Amino acid sequence: MAVPAEKIEESTIRPVSMDTREVQSLIAGKRTQFRRIMTPQPFFETRKVTELDHYMLGYWTPEGRNLTHPFYRVDHCMDKCPIGRVGDYLYVRESFGVTDRELFDNWSKLPDPSRSLANLIRYKADRQPAIPGMKWRDPIKMPRWASRLILKITDTRCEQLHEISDDDAIAEGMVGMKSLQTGRVYGLVDEFEQYWRSKHSGDHGWDENVWVWVVEFDLVTA
């Protein structure tokens, strides 16, 4: 759901990087949720977990205090998501290109890059073709002024990856397969599983059932 923009203090807005598929579903109005891997991962067997130096930021380190599963998930996850808290704003960083490579390499020297380069930026999510000499840049390299999407956090929680529900998968932009007989949509979680597998492997793969931060949001309109 898109909500009207409020006055946002630039010093408080944080970045979040999204891949092209995430951005496309966001623009289409089909995404109101995203998941990010918790770092470091909590342990509940041979190692015990507590919060130390980064207490307010949501980072966790091994220590000698025995925290139970519900205590960690409820009492300590709700307000300590490092991505942001309820009411915070995020600006989206996405894959982009600048049609003039010389300007891209030197934009930090320009007095007002937002005015000088705004008409030279292309967004990969818009399916615009790259022109000769232009490279698609990684989302993490997008400067604040080039971001066109702002999110307002409405809820945060932490859970294990396999806890995702059909409703969550829809909020993640999955579409599933609709039965012509019953009208019911099937395969939503399976679709999300394949999407996750396409992005993550090894210790963060689907089979590892990692702990993730779940962030729900509204898209802010200009």
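Isoleucine 37 counts as buried, at 18% relative accessibility; buried here means under 20% relative accessible area, while exposed means over 50% and partly exposed lies in between, all with a 1.4 Å probe and protein chains only. The model is a predicted one, so local features need pLDDT of at least 70 and side-chain atom pairs count only at pLDDT 80 or more, whereas totals for chains, interfaces and linings use all residues. Residues are numbered from 1 along each chain as its sequence is written, and side-chain values use heavy atoms, with hydrogens and water left out.

Back to isoleucine 37: this residue sits in strand β3, which covers residues 33–37. Helices (H or I, at least four residues) and strands (E, at least two) are DSSP runs, numbered from the N terminus. Isoleucine 37 and valine 212 are 175 residues apart in sequence, yet their C-alpha atoms are 4.4 Å apart in space. Setting aside neighbours within four places in sequence, isoleucine 37 is in contact (heavy atoms within 4.5 Å) with Trp196, His200, His204, Val210, Trp211, Val212 and Trp213.

Zooming out, the protein chain has six helices and twelve strands. Of its 222 residues, 40% are buried. Among contacts between residues at least 6 apart in sequence, 70% join residues at least 24 apart.

Next come the nonpolar cores, each a set of buried Ala, Val, Leu, Ile, Met, Phe, Trp, Tyr and Cys residues joined through side-chain atoms within 4.5 Å. The largest one has 20 residues, and those with the most contacts inside it are Met18, Leu26, Phe34, Ile83, Leu90, Val92 and Leu151. At least two residues of this core come from each of α1 (20–27), β6 (89–93), β9 (150–160) and β12 (211–221). Strand β12 chips in the most, with five residues. A second, separate core has 13 residues, including Ala169, Leu188, Phe192 and Val212. As for isoleucine 83, its contacts beyond four places in sequence are Arg14, Phe34, Arg36, Leu90, Ile153, Trp213 and Val215.

Glutamate 22 lies in helix α1 and is buried, with a relative accessible area of just 2%. Its side chain makes a polar contact with the side chain of arginine 36, at 3.1 Å. A polar contact is a pair of N or O atoms within 3.5 Å; within protein, one must be able to donate a hydrogen and the other to accept it, and residues adjacent in sequence count only if both atoms are side-chain atoms. Not counting residues up to four places away in sequence, glutamate 22 touches Ser17, Arg31, Phe34, Arg36, Tyr195 and Lys199.

Helix α6 (residues 188–199) has twelve residues and reaches 17 Å from its first C-alpha to its last, close to the expected 16 Å, where the expected span is 1.5 Å times one less than the number of residues. Its buried residues are Leu188, Phe192, Glu193, Tyr195 and Trp196. They cover an arc of only 165° around the axis (taken from the directions from the helix axis to the C-beta atoms), so they are on the same side of α6. In the loop between α6 and β12 is asparagine 209, which has a positive phi of about 50° although it is not a glycine.

Finally, a search of the whole structure finds zero disulfides, a disulfide being a pair of cysteine sulfur atoms within 2.5 Å. For cysteine 81, the nearest cysteine sulfur is that of cysteine 158, 8.6 Å away. Cysteine 81 counts as buried, at 4% relative accessibility.
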